[in-house]
Amino acid sequence: MTVDPNAATQSWPSPESGRPGAARYLIPALVAAAVAVALGAYGKVHEPAGTAFNLAGFSSTGAVKSWLASVAFFFALVQLVSALMVYGKLPGPSWSATAHRWSGRVAFLVAVPVAVHCLYALGFQSYETRVLWHSLLGCFFFGVFSAKMLLLRSERLPGWLLPIVGGLVLSVLTVLWLTSALWFFRTFGVTT
């Protein structure tokens, strides 16, 4: 089976489903809340294992996590620039939309092992303000990211909605990077 990447997206939920138009916004919001709460609950009740993974060549799991988070943050910045090109706010090549999609995929794929490590190895913690904000925003990030992915499949969205949700994803990822990778590099040095 092949998929035409240029085909129009489906209306989600479909107009024939009988759901009111508000469901197009309520369902992604509820999914976002469920994802965020589920991650937070798992992180709180799970006994932290101390480590989830390590990669050869890195001095610690903290270094691995910080570098992966930095790569994800870099690709999120590529997302921002390519989104500005797609929306015509910056001049850009014809492949800006493709760069936007692929940079988002890479950012997400690199962020997942970081989240797995945080949840499995460290859990949801609140022993200091920085760590509490990082825990809360980490759960919120994957919730709002889930909502964005669901909204991408909707038709007839207000033109401002996806940029706002995408900006929220980037803003939260920025604070996550500041409270983890940047903190690690400033505390322990830029190590591998």
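How many square ångströms does the accessible surface of the chain come to, and what share of it belongs to carbon and sulfur atoms? About 11300 Å², with 70% belonging to carbon and sulfur. Please keep in mind that this is a predicted model.

Let me start with the overall layout. The chain has 192 residues, and 35% of them count as buried. Its secondary structure comes to 5 helices and 0 strands, so the order from the N terminus is simply α-α-α-α-α. If you take the contacts with a separation of 6 or more, 73% of them are between residues 24 or more positions apart.

Next, the interior. In soluble globular proteins, nonpolar side chains tend to be buried together. Here, the largest nonpolar core has 19 residues. Which elements give two or more residues to this core? They are α2, residues 61-86; α3, 96-122; α4, 129-151; and α5, 161-188. The largest share comes from α5, with 7 residues.

Within that core, Phe 141 and Leu 176 have the most contacts. Leaving out residues up to four places away in sequence, Phe 141 touches Val 169, Val 172, Leu 173 and Leu 176. Apart from this core lies another one, of 7 residues. Among them are Ala 63, Phe 73, Phe 184 and Phe 185.

Now to α5 itself. The helix has 28 residues, and at 1.5 Å a residue it should span 40 Å. The C-alpha atoms at its ends are 39 Å apart, which agrees with that expectation. There is nevertheless a kink in α5, of about 35 degrees, centred on Trp 177. Just after the helix, Gly 189 takes a positive phi of about 90 degrees.

One last residue, Phe 75, in helix α2. Why does Phe 75 count as partly exposed? Because its relative accessibility is 24%, and buried means under 20%. What does Phe 75 touch, not counting residues up to four places away in sequence? The answer is Ser 103, Val 106 and Ala 107. Phe 75 can also be placed relative to Arg 105: the two are 30 residues apart in sequence, and their C-alpha atoms are 8.9 Å apart in space.

To recap: the chain has 5 helices and 0 strands, α5 gives the largest share of the 19-residue core, and that helix has a kink centred on Trp 177.

Terms used:
Residues are numbered from 1 along each chain as its sequence is written. This is a predicted model: local features need pLDDT of at least 70, side-chain atom pairs count only at pLDDT 80 or more; totals for chains, interfaces and linings use all residues. Side-chain values use heavy atoms; hydrogens and water are left out. A nonpolar core is a set of buried Ala, Val, Leu, Ile, Met, Phe, Trp, Tyr and Cys residues joined through side-chain atoms within 4.5 Å. Buried means under 20% relative accessible area, exposed over 50%, partly exposed in between (1.4 Å probe, protein chains only). Helices (H or I, at least four residues) and strands (E, at least two) are DSSP runs, numbered from the N terminus. Contact means heavy atoms within 4.5 Å. The expected span of a helix is 1.5 Å times one less than its number of residues. The bend at a residue is the angle between axes fitted to the seven residues ending there and the seven starting there. Accessible areas come from the Shrake-Rupley method with a 1.4 Å probe; for residues, only the protein chains shown count as cover.
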